[in-house]
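Visitor: I would like a close look at a single part of this model, the place where one chain meets the other. Please take me through it slowly, and then set it in its surroundings.

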Amino acid sequence: MTAAIRTTGLTKVYGQKPALDSVDLVVEEGSIFGFLGPNGAGKTTTLHILTGLTRPTSGSAQILGRDVAAAGNPVRAQIGFLPDVPGFYEWMTAEEFLRFAGRLFGIARPVLDERVGMLLDLAGLAEVDTKIGGYSRGMKQRLGVAQALINAPRLLLLDEPTSALDPMGRKDVLDMLMSLRGRTTVFFSTHILADVERVCDTVAILNHGRVVAQAPIDELKARYGQQKVVLEVTGGADELAEQIGRQSWAAAVSRGSNGAIDVTVTDVAAAQQQIPALIAARHLGLSRMEAGEMGLEEVFVELVGGIQP
Amino acid sequence: MSGFTAFAGKEAREILRTWRIWVLPGILLLFALTSPVLARFTPEILRAAGGDQLKGLVVPTPTYHDAYAGWIKNLSPAALFALIIAYGGLVCSERKSGTAVLVLTKPLSRTAFIMAKAVVHSAFLAVLVIAGTLITWGLTAAIFGPAPGAALWSASLAWLLLGVLLIAVMTLLSVLFGSAAGAAGAGLGVYVLLLVASYLKPLGTYSPAALAAKVPSSLVAGKDVAVLWPVLTSLLLAAVLFALAAFAFRRQDL
């Protein structure tokens with residue numbers, strides 16, 4: 001199967017400052033791919049190179065098997081793109097903009113009529129006949145998603161698609177992305193980890209212009225994530241936590257909600273064997289003990305060196 | 001081609017639905033309406049303004065020549081200044097607002113983006129100049145009686161060519177400069193350079209600089225003036241500037 005996106009040694013330098021440093025990415029067709037990274041990591045630069053808006057300093061980028069720099073309109077005809085802050089002609093209405101976008105793709109009138117109606121419904125703008133200049137940021141973002149879908153793209157590239165949306169709008173967009181699974185390849189950048197965990201099957205984490213990890217989410221968690229043990233005792237939790245923290249298999253100990261002790265462990269079997277023994281030695285009662293999985297957020301924090309997005 | 005046509009259609013609708021429909025058309029309409037009227041009443045205005053001080057001054061009886069000359073004189077430089085300022089943001093405003101990013105990630109090449117703007121705005125200026133010339137001609141005929149139009153039309157068309165050349169200049173400057181104000185400032189500088197060049201030989205005879213100064217005024221006065229070389233070099237320069245704008249725009253990171 002042809003990769004929807006393939007970058008090889010993609011590098012971009014602005015002046016003396018490297019924005020991307022030899023980025024290698026492979027995005028399989030049909031996948032929903034989360035492109036994670038803290039602010040300034042190079043996510044938008046990558047998307048701009050993939051859409052032909054920016055030229056790489058070195059390296060190459062292929063979209064649907066064709067070189068982005070050389071292919072031009074044939075590649076653009078197959079992608080949909082939503083920039084981080086979409087700019088619209090404010091004198092147009094949403095319907096006018098969608099029709100204009102459709103005409104740029106050369107979509108025939110009957111097909112365009114049908115798609116415009118469907119996408120206006122999707123964006124919740126079917127009843128809105130005011131000009132785009134009067135729209136809120138969320139309305140513009142929803143229109144941005146709609147215009148990116150006007151050509152029924154094979155590859156949808158989205159830069160922070162949910163950042164300006166309220167919880168309902170965010171849910172609608174994520175549901176829409178999930179509905180495209182298997183039909184359209186979706187590549188979206190974000191720093192909202194919950195969105196990625198909810199819809200993506202594969203992620204890449206970018207930090208300081210470098211890809212520090214790329215894998216299916218579950219594999220990434222297994223590869224980079226240590227496991228957690230959460231326990232609750234009937235008393236003496238502080239002293240117990242301190243004692244657990246001294247064990248060789250305990251990477252970190254913290255106090256969770258309701259007095260629970262969260263233990264990040266490097267050896268789950270050893271922890272499961274020794275924790276009950278430690279509790280029994282202190283004559284404490286064990287109310288709860290369960291294994292927990294590290295979330296993507298913890299993997300992310302570990303990989304980007306604690307820089308919060 | 002569909003991208004070019006769709007974008008050109010957008011440019012045309014943008015003219016009709018934004019401030020662009022008021023500024024240049026308003027200025028040219030004002031000049032077209034006032035030039036013949038002012039020419040007709042200049043003696044009365046001078047007498048009223050000067051009072052006894054201009055008692056001995058003999059003001060020639062105005063003719064249709066004065067109406068035509070007024071129209072051409074108003075176009076340069078007032079309408080040119082308005083044109084330069086209005087087109088400072090032709091490309092950079094689309095970059096700044098993010099609309100360029102949205103349309104250029106669709107099947108619209110950067111060359112088509114520039115050429116659509118070149119074609120639509122040159123055509124828009126042509127419509128304005130033709131309409132303004134028609135109004136001036138008609139109003140002049142109504143005030144002064146039947147007036148031959150050859151001098152008026154040839155001078156207006158020469159000015160139109162200068163206007164198209166300045167649209168090409170502003171397109172390139174708007175690509176090169178990040179702000180509309182910066183591009184407009186540089187555009188005014190280019191116009192001043194054209195005026196200076198018009199006093200230098202052979203630039204003032206053979207180059208577009210001739211259109212910036214003596215060609216329109218000579219044509220409207222019915223004087224014999226060489227127009228072929230200034231017209232050819234202006235057309236060529238405008239084409240080169242539009243091509244340069246497209247080339248520079250293709251090389252820019254958005």
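Guide: What follows starts at the meeting of the two chains and then moves outward into each of them. This is a predicted model, in which local features need pLDDT of at least 70 and side-chain atom pairs count only at pLDDT 80 or more, while totals for chains, interfaces and linings use all residues. Residues are numbered from 1 along each chain as its sequence is written, and chains are lettered from A and ligands numbered from 1 in the order in which they are written.

Between the chains, 23 residues of chain A are in contact with 22 residues of chain B, where contact means that the C-beta atoms, placed from the backbone, lie within 7 Å. On the side of chain A that touches chain B, helix 4 gives the most, with four residues, and by class this side has 13 nonpolar, seven polar and three charged residues. Here Ala, Val, Leu, Ile, Met, Phe, Trp, Tyr, Cys and Pro count as nonpolar, Asp, Glu, Lys and Arg as charged, and the others, Gly among them, as polar. Helices (H or I, at least four residues) and strands (E, at least two) are DSSP runs, numbered from the N terminus.

The axis of helix 4 of chain A, residues 94–104, comes within 7 Å of the axis of helix 1 of chain B, residues 2–17, and the two cross at roughly 150°. Axes are lines fitted to C-alpha atoms, for helices over the stretch in contact, and angles run from 0 to 180 degrees between N-to-C directions. The two helices are therefore roughly antiparallel to each other, a term used for angles over 145 degrees, with under 35 being roughly parallel, 65 to 115 roughly perpendicular and the rest oblique. Helix 4 of chain A brings Phe100(A), Arg103(A) and Leu104(A) to this contact, and helix 1 of chain B brings Ser2(B), Gly3(B), Ala6(B), Phe7(B) and Lys10(B). Four of these residues are nonpolar, two polar and two charged.

Further along chain B, helix 6 (residues 110–144) and helix 7 (residues 150–176) have axes that come within 10 Å and cross at roughly 155°, and these helices are therefore also roughly antiparallel to each other. Their contact has 13 nonpolar, seven polar and one charged residues.

Chain A also holds an open sheet of four strands in the order 2-1-4-5, with antiparallel pairing, where strands pair if DSSP finds at least two bridges between them. Five bridges join strand 1 (residues 3–14) to strand 4 (residues 58–63) of chain A, and Arg6(A) stands opposite Gln62(A) in strand 4.

Definitions and conventions. Two residues are in contact if their C-beta atoms, placed from the backbone, lie within 7 Å.
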